[in-house]
Amino acid sequence: MTDTASSTGSGHDPAAASGYPDHPPRMGFFTDTSVCIGCKACEVACKEWNLIPEDGLDLTGMSYDNTGGLSADTWRHVAFIEQRKPIGVQDPGLQHTGDVLAMAEQGAATPPADAAMNPTTPGQAGEFRWLMSSDVCKHCTHAACLDVCPTGSLFRTEFGTVVVQEDICNGCGYCIPACPYGVIDRREGDGRAWKCTLCYDRIGAGGEPACAKACPTESIQFGPLDQLRERARQRVEQLHGEGVADARLYGADPDDGVGGDGAFFLLLDEPEVYGLPPDPVVTTRDLPSMWRHVAAAAGTLVGMAAAAFTAAAFGKR
Amino acid sequence: MSHTDAAGNRARTGRNAVTGGRRHRRKHGEQPMVPDAEFGSYYGLPVLNAPVWKTPDVPGYLFLGGLAGAGSLLGAGAALTRRPTLQRITTTGSIGSALVSLAALVHDLGRPARFLNMLRVFKPSSPMSVGSWLLSAYAPAAGVAAVWAHREGLVRVAAVSSVLERFPTITRIAGTGATAAAAVTGPAVAAYTAALLSDTAVPAWHDGYRELPFVFIGSGAAAAGGLGLFAPTTESVPARVFAVLGAGCELFAFERMRSRLGMVGEPYDTGPGGMYLKASKALAVCGAAGAVLGRRSRVISALSGAALFAASAATRWGVFHAGLTSAKDPKYTVVPQRERLNQRRTRQ
């Protein structure tokens, strides 16, 4: 085995399995979509810091999402989902008494009776909610892109993240269909594969990734993965306690099909609603069986050739 | 906005992702012929990034790799059983297709100048790495085997004849050794491409990993046998049997794969993938029948060989396009995974 193969590595410590005996804690993202406001600051910060080229200024016409999805030139992508479903009532927590604040109590020039909702009258639980979620490379424990890369361009860092070495990538494109999340892609006109590096340059210098730094609501949290997982667990409990029964974690389970994600999420609906695969499995998990079937087939081919020449010999007699 | 996928089904956009009344009315205005596929998706957009591999580079490579690998087996058998014309045709075909396929692989790279980076590491976890090393071993052997098969014609070249005369033992060992080496590595070259496709998240490719190697070696044998059918009828008997066995193996393995895959295998029936595969089946049946019935006629044999050749290429094109279709439609990613997840939850 080479030091870059990950699906065959044991345990849930990918950096150690990749040959870093003394390594810093595994770093990752916890993206809490329940506080995402869809500002796209993460998308912009990522593009700016990583010098990612512009990749089309199109209007998709489907929502406020004009980015579409992750690609070679989009390493953070904010999804917008509109649903006819109540999200619960937001209580502004403001108490106003006395005539001086009559106007303010009213919240706006519109009398409360005529307004569905204003800063002091929360209104009714609506029949509409908006889900927003900032998607990113998952930095899988068992990363298919890294496993199938034939040049060793994709590698595991000491932080347990997965990064492309652009001076080595020859653009074979194998990582692209290997990724179960549709993250990595080939850049037009450049020919090489690109994706999120979890800001390897910034975290190597003790900083935090550009997207997490720019996030105004701490929807994107960066830190040691075990701390993030604990924090996420508490957040789900808190949300469940407040009646948000839909809250669930995605990619936080170290026993899932990819050995857990280095970048995981708190979602408010099924993953496929956000464009995420509901039960991704690293394709190389089946590779030993694939090789056995290939060997059996190669043997069958030899057998067919032997049978052909034997039959010809008998036919001659 | 309505989003219609490649198969003509309307995916549930988001989840009730309908806000305005205008959209609602439009939805009523254009009722789909097929009932809505019941699965969640993000505006019907694909979950996976589809392969960026080009046509004809990659399906062509799959076809030529199978032809080359299986051809080397026929070439070695022909050498063993003293069928010089068959040996010449198959070994030449093998090195020719190996060289063209290598050119196709390099051409498909995003950075062709960096093709040697393929040999930077050896990774059993990457079928492309394994295949690169395999081809590096196979192609030189296939080349020497072809030169060895042509030694009698090449005697007229002064340099060749002097080498043959001066080093008779060494050239014999090199020639027969290379023929044997090509026959040992050839089957691996013909079969590994199935793992190359299956070792991806593309549903139609990944889920077919049990049968796809047998589809591919069968297809390779049909093509190489088809090439051998251009030899005189006195020498082409083994190629004939090989071609018929190969076509049978391919058809049988494919039917098994198709029935096991269920809905994930739909792209093998419909769209461009289905079209190529239907053509492949028809050509393979005609070619195999012609190979048997026309065994006394060199013309009918050659026509049958050409049909088998085309059948093999159509199989690779069909499998390739079916994979693209299954990657671009979120249905094939989401539905099986959702079923798997629900089953696991009910078991708990």
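The following exercises, each with a worked solution, concern a predicted model with chains A and B.

**Exercise 1. Composition of chain A**

Determine how many helices and strands chain A has, and what share of its residues is buried.

*Solution.* Step 1: chain A contains nine helices and ten strands. Step 2: of its 317 residues, 48% are buried. Step 3: consider the contacts in chain A with a separation of 6 or more; 65% of them join residues 24 or more positions apart.

**Exercise 2. The four-stranded sheet of chain A**

Work out the strand order of the open sheet in chain A and identify the strands at its edges.

*Solution.* Step 1: the sheet is open, has four strands in the order 8-1-10-9, and its pairing is mixed. Step 2: strand 8 and strand 9 (248–250) each have a single partner strand, so each stands at an edge with one side lacking a neighbour in the sheet. Step 3: from one strand to the next, the twist averages 25 degrees.

Step 4: the pairings can now be taken in turn. Five bridges link strand 1 (residues 27–32) of chain A to strand 8 (residues 220–224) of chain A in the antiparallel sense, and Met27(A) has Pro224(A) as its bridge partner in strand 8. Strand 1 of chain A also pairs with strand 10 (residues 263–267) of chain A, here in the parallel sense over four bridges; Phe30(A) has Phe264(A) as its bridge partner in strand 10. Strand 9 and strand 10 of chain A run antiparallel and are joined by three bridges, with Leu249(A) opposite Leu266(A).

**Exercise 3. The surroundings of strand 1**

Decide whether the two faces of strand 1 of chain A are covered or uncovered.

*Solution.* Step 1: in a regular strand, side chains alternate between the two faces of the sheet. Step 2: one side of strand 1 of chain A carries Met27(A), Phe29(A) and Thr31(A), and the other carries Gly28(A), Phe30(A) and Asp32(A). Step 3: these residues are all buried, and both faces are covered. Step 4: since six of the six residues are buried, strand 1 of chain A is largely enclosed by the rest of the structure.

**Exercise 4. Helix packing in chain B**

Describe how helix 2 (residues 57–80) of chain B packs against helix 3 (residues 84–108) of chain B and against helix 4 (residues 127–149) of chain B.

*Solution.* Step 1: helix 2 and helix 3 of chain B pack at an angle of about 155 degrees, and their axes are 7 Å apart. Step 2: angles over 145 degrees count as roughly antiparallel, and helix 2 and helix 3 of chain B are therefore roughly antiparallel to each other. Step 3: their crossing is left-handed, and the contact comprises 13 nonpolar, 13 polar and two charged residues.

Step 4: for helix 2 and helix 4 of chain B the angle is about 40 degrees and the axes are 11 Å apart. Helix 2 of chain B is therefore oblique to helix 4 of chain B. Step 5: this crossing, too, is left-handed. Ala68(B), Ser72(B) and Gly75(B) of helix 2 of chain B make the contact with Ala142(B), Ala145(B) and Ala149(B) of helix 4 of chain B. By class, there are four nonpolar, two polar and no charged residues.

**Exercise 5. The interface between the chains**

Establish how many residues of each chain are in contact, and which helix of chain A contributes the most.

*Solution.* Step 1: 68 residues of chain A are in contact with 75 residues of chain B. Step 2: the elements of chain A that each supply at least two residues include strand 2 (76–83), helix 4 (144–148) and helix 9 (287–316). Step 3: helix 9 of chain A gives the most, with 18 residues. Step 4: the side of chain A that touches chain B has 36 nonpolar, 21 polar and eleven charged residues.

Methods. Residues numbered from 1 in each chain as written. Chains lettered and ligands numbered in written order. Predicted model: local features only at pLDDT ≥ 70, side-chain atom pairs only at ≥ 80, totals over all residues. Contact = placed C-beta atoms within 7 Å. Nonpolar A, V, L, I, M, F, W, Y, C, P; charged D, E, K, R; others polar. Axes fitted to C-alpha atoms, helices over the stretch in contact; angles between N-to-C directions. Parallel < 35°, antiparallel > 145°, perpendicular 65-115°, else oblique. Left-handed = near helix turned anticlockwise from the far one by under 90°. Buried ≥ 20, exposed ≤ 12 C-beta atoms within 10 Å, placed from the backbone. Pairing = 2+ DSSP bridges.
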